[in-house]
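User: I'm new to this one and would like a close look at a single part. Could you take me through the cavity and what surrounds its lining?

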Amino acid sequence: MEISVSIGICAHNEEKNIGNLLEKLINQETKKTKINEIIVVSSSTDRTNEIVRNFSKKDERIKLIVQSRREGKASAVNEFIKNANSEVCVLESADTIPLENTIEKLCLPFYDKSIGMTGGHPIPVNDRSTFIGFTGHLIWELHHKIATINPKLGELVAFRNVIDKIPKDTSVDEAWIEAIIRNKGYKVIYVPDAVCYNKAPETIRDFIRQRRRIHTGHLHLKNKLGYSVSTMDIRNIFKAIKELDLQSKEWVYLVGAIILESICNILGWLDYYVLKRNYAVWEMAETTKMVVKK
């Protein structure tokens with residue numbers, strides 16, 4: 001019996017990449033899973049909606065839900081969950097590109113009834129030879145190493161359709177879903193072979209904008225549910241760093257990356273505890289929204 005799958009894409013002004021993503025999704029190789037629907041929840045003001053509508057004419061599985069007012073990604077996720085009709089829900093970031101068999105690999109573990117959530121393996125396409133490119137690769141390499149021991153999932157996730165909604169004020173939707181799934185008694189696993197490509201920030205400004213928002217969201221989750229993602233444990237981070245195989249110049253970059261990430265964590269702490277900032281609707285890191293080529 002095939003596992004039925006609904007794919008959700010939350011989009012805000014993703015005209016540069018949404019067509020490439022939809023093309024990859026409608027051509028996924030599946031044998032033991034069946035993609036029943038691809039739901040795009042969009043609050044876009046660019047050509048995103050037009051592109052999705054054109055794809056829906058080619059493939060009836062593609063459905064567009066338009067949010068007339070931008071209310072944040074969590075709101076869009078809830079709209080997807082409300083409309084998803086399959087056994088398994090997949091959330092893929094609109095600025096990523098999966099391999100041809102990624103969705104199948106991500107969803108096969110659900111044949112085990114104890115599995116409640118899986119996560120894929122994001123790999124940046126940035127130029128690693130630059131400092132900010134190296135830093136983007138470093139973040140996701142550390143996530144990968146930590147997730148192989150204690151899963152922390154993001155960018156591309158799948159979960160059983162057992163969730164009603166997540167809080168609209170969260171800025172870390174995948175982490176909140178992870179916490180809910182674990183609290184329901186399910187296992188959460190990382191699927192390193194389920195690869196998708198993404199674009200890490202290409203400027204220090206965008207990196208800080210993205211990382212401080214994420215840290216603020218993780219603090220919110222910890223304080224509301226008492227749940228900490230595995231990458232918040234500094235011991236896990238330093239264990240993963242020790243396993244890195246770096247070139248001589250990259251050791252210098254590593255020091256700079258640690259300083260930069262520390263600044264982001266401090267700003268995130270100030271945002272949450274002092275400034276009481278809410279990132280439910282956040283300013284996009286524009287350099288992550290370029291075409292993902294791989």
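Analyst: Gly120, His121, Pro122, Trp140, His143, His144, Ala147, Lys152, Leu153, Gly154 and Tyr190 line the largest cavity. Keep in mind that this is a predicted model. The space inside that cavity comes to about 70 Å³, and the count of cavities of 30 Å³ or more is 1. Sorted by class, its lining has 5 nonpolar, 5 polar and 1 charged residues.

Which elements do those residues come from? Both β6 (115-124) and α5 supply at least two of them each. The largest share, 4 residues, belongs to α5, so let's follow that helix.

Helix α5 packs with α7 at an angle of about 25°, and their axes are 10 Å apart. Angles under 35 degrees count as roughly parallel, and that makes α5 roughly parallel to α7. On the α5 side, the contact is made by Phe131, Ile132, Thr135, Ile139 and His143; on the α7 side, by Ile204, Phe207 and Arg211. That contact has 5 nonpolar, 2 polar and 1 charged residues. If His143 rings a bell, it's because you've already met it: His143 is one of the residues lining the largest cavity, and His143 of α5 also takes part in the contact with α7.

The helix α5 turns up in another place too. Along with α7 (204-225), α8 (234-242) and α9 (248-273), α5 (131-147) supplies at least two residues of the lining of the second largest pocket. This pocket has a volume of about 510 Å³. Its lining has 21 residues, and those nearest its centre are Thr231, Ile234, Ile237, Glu261 and Asn265. By class, the pocket lining splits into 12 nonpolar, 6 polar and 3 charged residues.

For another helix pair to set beside α5 and α7, go to α1 (residues 18-26) and α2 (residues 48-58). They pack at an angle of about 25° with axes 10 Å apart, and are therefore roughly parallel to each other. As for handedness, α1 passes α2 in a right-handed crossing. Here Ile18, Gly19, Leu22, Glu23 and Ile26 in α1 meet Thr48, Ile51, Val52, Phe55 and Lys58 in α2. Those contact residues divide into 6 nonpolar, 2 polar and 2 charged.

To come back to where we started: α5 gives 4 residues to the lining of the largest cavity, packs with α7, and helps line the second largest pocket.

Methods
Residues numbered from 1 in each chain as written. Predicted model: local features only at pLDDT ≥ 70, side-chain atom pairs only at ≥ 80, totals over all residues. Heavy atoms only, no water. Axes fitted to C-alpha atoms, helices over the stretch in contact; angles between N-to-C directions. Parallel < 35°, antiparallel > 145°, perpendicular 65-115°, else oblique. Left-handed = near helix turned anticlockwise from the far one by under 90°. Contact = heavy atoms within 4.5 Å. Nonpolar A, V, L, I, M, F, W, Y, C, P; charged D, E, K, R; others polar. 1 Å grid on protein atoms, 1.4 Å probe; cavity = no way out; pocket = protein on both sides within 12 Å on 5 of 7 lines; lining within 4 Å. Points joined across faces, edges and corners; volume = space filled by probe spheres on them.
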